[in-house]
Amino acid sequence: MPRAFWAQCPKCDESFQAHYDELRNSGIKLLCPTCGHRFLDSEAKSITE
Ligand SMILES: [Zn+2]
């Protein structure tokens with residue numbers, strides 16, 4: 001089972017799950033499924049691993 005983490009969108013405050021290996025500390029922007037905002041994991045309002 002792939003490792004995942006929760007990221008909270010800095011724009012709409014919704015949390016969603018993202019694949020850890022692909023997106024954590026990778027420099028690839030996350031895509032919020034709620035509002036469509038793209039942001040780095042370092043820009044997330046909160047991260048839960
Ligand atoms: Zn959002």
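Let's start with contacts, meaning heavy atoms within 4.5 Å. Take the contacts in the protein chain with a separation of 6 or more: residues 24 or more positions apart account for 34% of them. Keep in mind that this is a predicted model, where local features need pLDDT of at least 70, side-chain atom pairs count only at pLDDT 80 or more, and totals for chains, interfaces and linings use all residues. Residues are numbered from 1 along each chain as its sequence is written, and side-chain values use heavy atoms, with hydrogens and water left out.

Now the overall layout. The protein chain has 1 helix and 5 strands. Both are DSSP runs, numbered from the N terminus: helices are H or I with at least four residues, strands are E with at least two. The pattern along the sequence reads β-β-α-β-β-β. The C-alpha trace spans about 30 × 20 × 15 Å along its principal axes. Of the 49 residues, 29% are buried. Buried means under 20% relative accessible area, exposed means over 50%, and partly exposed is in between, with a 1.4 Å probe and protein chains only.

Next, the sheet. Which strands are in it, and in what order? It is an open sheet of 3 strands, β2-β1-β5, with antiparallel pairing. Two strands pair if DSSP finds at least two bridges between them. The edges are β2 and β5 (46-48), and each pairs on one side only. From one strand to the next, the twist averages 30°. That angle is taken between axes, which are lines fitted to C-alpha atoms (for helices over the stretch in contact), and runs from 0 to 180 degrees between N-to-C directions.

Look at the β1 and β2 side. The two strands run antiparallel and are joined by 5 bridges. One bridge partner pair is Ala-4 with His-19 in β2. β1 and β2 form a hairpin with 6 residues between them. In that turn, Asp-13 has a positive phi of about 70°.

On the other side, 3 bridges join β1 to β5, again antiparallel. Trp-6 stands opposite Thr-48 in β5. Ala-7 has Ile-47 in β5 as its bridge partner.

Stay with β2 for a moment. In a regular strand the side chains alternate between the two faces of the sheet. Along β2, Phe-16 and Ala-18 point to one face and are buried. Ser-15, Gln-17 and His-19 point to the other face and are not buried.

Now the metal. Which residues hold the zinc ion? Its ligands are Cys-9, Cys-12, Cys-32 and Cys-35, each through SG, at 2.3 Å. Donors here are N, O and S atoms within 2.8 Å of the metal (3.2 Å for Na, K and Ca); water is not among the atoms, so sites may look incomplete. The spacing of the donors along the chain is C-x2-C-x19-C-x2-C. Cys-9 and Cys-35 link distant parts of the chain, 26 residues apart. Cys-9 is in the loop between β1 (4-8) and β2 (15-19). Cys-35 is in the loop between β3 (30-31) and β4 (38-39).

Are these two cysteines buried or exposed? Cys-9 is buried, at a relative accessible area of 0%. Cys-35 is partly exposed, at 35%.

As for geometry, the site is tetrahedral, with angles of 106 to 113° among the 4 donor atoms. Four donors count as tetrahedral if all angles lie between 85 and 135 degrees. The ideal angle for four tetrahedral donors is 109.5 degrees.

Last stop, Glu-49. It sits in the segment after β5. Glu-49 is exposed, with a relative accessible area of 54%. Leaving aside neighbours within four places in sequence, Glu-49 is in contact with Phe-5, Tyr-20 and Arg-24. With Arg-24 there is a side-chain to side-chain polar contact, at 2.4 Å. A polar contact is a pair of N or O atoms within 3.5 Å; within protein, one must be able to donate a hydrogen and the other to accept it, and residues adjacent in sequence count only if both atoms are side-chain atoms.

Where is Arg-24? In the loop between α1 (20-23) and β3. Beyond four places in sequence, Arg-24 is in contact with Phe-5, His-19, Asp-41, Ile-47 and Glu-49.

Definitions and conventions
Four donors count as tetrahedral if all angles lie between 85 and 135 degrees; four count as square planar and six as octahedral if opposite donors are over 155 degrees apart and all others between 65 and 115; anything else is irregular.
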